[in-house]
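Colleague: I have a model open on my screen and would like a close look at one part of its interior. Could you walk me through it slowly, and then show me how that part fits into the whole?

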Amino acid sequence: MATRTDAPTRREQILREAARLFAERGFHGVGVDEIGAAVGISGPGLYRHFPGKDAMLAELLVGISGRLLTGAKRRLAEADGTAGPEAVLDSLIEGHIDFALDDRSLITLHDRELDRLRDSDRKLVRQLQRQYVELWVEVVRRVHPGLAEPAARSAVHSVFGLLNSTPHLGRRGTLPGRGPMGELLHRMARGAFASAVSPATD
């Protein structure tokens, strides 16, 4: 995903701190006042930006699903038929690794709190995620044309599970640097896709 160079808005600051606190202590373990204190405003001041914690949670989870899908579509558009399928798959993996390394709290939040969303928001998250998966499936099958669609879809979900394991790998200071960690995850993802293909089908 593209790296922003401009300063985050106050709304973005609130969401970032809310994600961190929700991931650390659970949605119900964090009060509006604490989120406000983390960004230097009073708890009631947050209501100028969000009607409540539920709205913050929805924007975080719907937002990251939307950004992943948008980022993947952008990477495919940038390839524009000029890059081979291997390069396109590498680009998709790199984009998801950026997310997995930069937004570990959102991964934790999704795993723990998705069911707290309203039905409409939860359905939107699932819809965006399905589109994201299917985009990957199409690219994976270009790289491995002998791989059946159900197997490709299972492989994509498995790779997402691998890449999204970053919250469980230990504290940031105990992990390899970003470069080596990203390279390791990339090799493991490509290896997982390759292992999904039997010698008779690829």
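Is Trp136 buried or exposed, and what is its relative accessible area?

Modeller: Happy to. Please keep in mind that this is a predicted model. Trp136 is buried, and its relative accessible area is 0%. You will find Trp136 in helix H6. Leaving aside residues up to four places away in sequence, Trp136 touches Leu89, Leu92, Ile93, His96, Val156, Phe160 and Phe193. To get a feeling for how distant parts of the sequence come together here, take Val88: 48 residues separate Trp136 and Val88 in sequence, while their C-alpha atoms are 9.7 Å apart in space.

Now let us widen the view to the core. The largest nonpolar core has 60 residues, and Trp136 is among the five that touch the most other members, along with Phe22, Ile35, Met56 and Phe193. The elements that contribute two or more residues to this core are H1 (10–25), H2 (32–39), H3 (53–79), H4 (85–102), H5 (104–113), H6 (119–143), H7 (149–163) and H8 (178–195). Helix H3 gives the most, with 11 residues.

Another of those five residues is worth a visit. Ile35 touches Ile14, Ala18, Leu21, Phe22, Val30, Leu46, Lys53 and Met56, again without counting residues up to four places away in sequence. Two of the names in that set, Phe22 and Met56, also belong to the five that touch the most other core members.

From there, move to Phe50, which sits in the loop between H2 and H3. Although it is in a loop, Phe50 counts as buried, at 2% relative accessibility. With residues up to four places away in sequence left out, the contacts of Phe50 are Arg11, Ile14, Leu15, Ala55, Met56 and Glu59. Ile14 and Met56 are also touched by Ile35. For a sense of scale, Phe50 and Arg153 lie 103 residues apart in sequence and 37 Å apart in space, C-alpha to C-alpha.

Two further stops are in helices. Ala79 is in helix H3 and counts as buried at 12% relative accessibility. Between Ala79 and Ser91 there are 9.2 Å from C-alpha to C-alpha, with a sequence separation of 12 residues. In H5, the buried residues are Arg104, Leu106, Ile107, Thr108, Leu109 and Glu113, so you will see charged side chains in that list, Lys and Arg counting as positive and Asp and Glu as negative. The cover over the buried residues of H5 includes H1, H3 and H4.

Finally, step back to the whole chain. It has 8 helices and 0 strands, and its elements run α-α-α-α-α-α-α-α from the N terminus on. The radius of gyration is 18 Å, close to the 17 Å that the globule rule gives for 202 residues, so the chain is as compact as a globular protein of that length. The C-alpha trace spans about 60 × 40 × 30 Å along its principal axes. Buried residues account for 43% of the 202 residues. Of the contacts between residues at least 6 apart in sequence, 71% join residues at least 24 apart.

As for the outside, the chain exposes about 10,700 Å², and carbon and sulfur atoms supply 53% of that. There are 28 positive and 26 negative charges, and their mean positions are 4 Å apart.

Conventions. Residues are numbered from 1 along each chain as its sequence is written. This is a predicted model: local features need pLDDT of at least 70, side-chain atom pairs count only at pLDDT 80 or more; totals for chains, interfaces and linings use all residues. Side-chain values use heavy atoms; hydrogens and water are left out. A nonpolar core is a set of buried Ala, Val, Leu, Ile, Met, Phe, Trp, Tyr and Cys residues joined through side-chain atoms within 4.5 Å. Buried means under 20% relative accessible area, exposed over 50%, partly exposed in between (1.4 Å probe, protein chains only). Helices (H or I, at least four residues) and strands (E, at least two) are DSSP runs, numbered from the N terminus. Contact means heavy atoms within 4.5 Å. The radius of gyration is taken over C-alpha atoms; the globule rule is 2.2 Å times the number of residues to the power 0.38. Accessible areas come from the Shrake-Rupley method with a 1.4 Å probe; for residues, only the protein chains shown count as cover. The place of a charge is taken as NZ of Lys, CZ of Arg, CG of Asp or CD of Glu.
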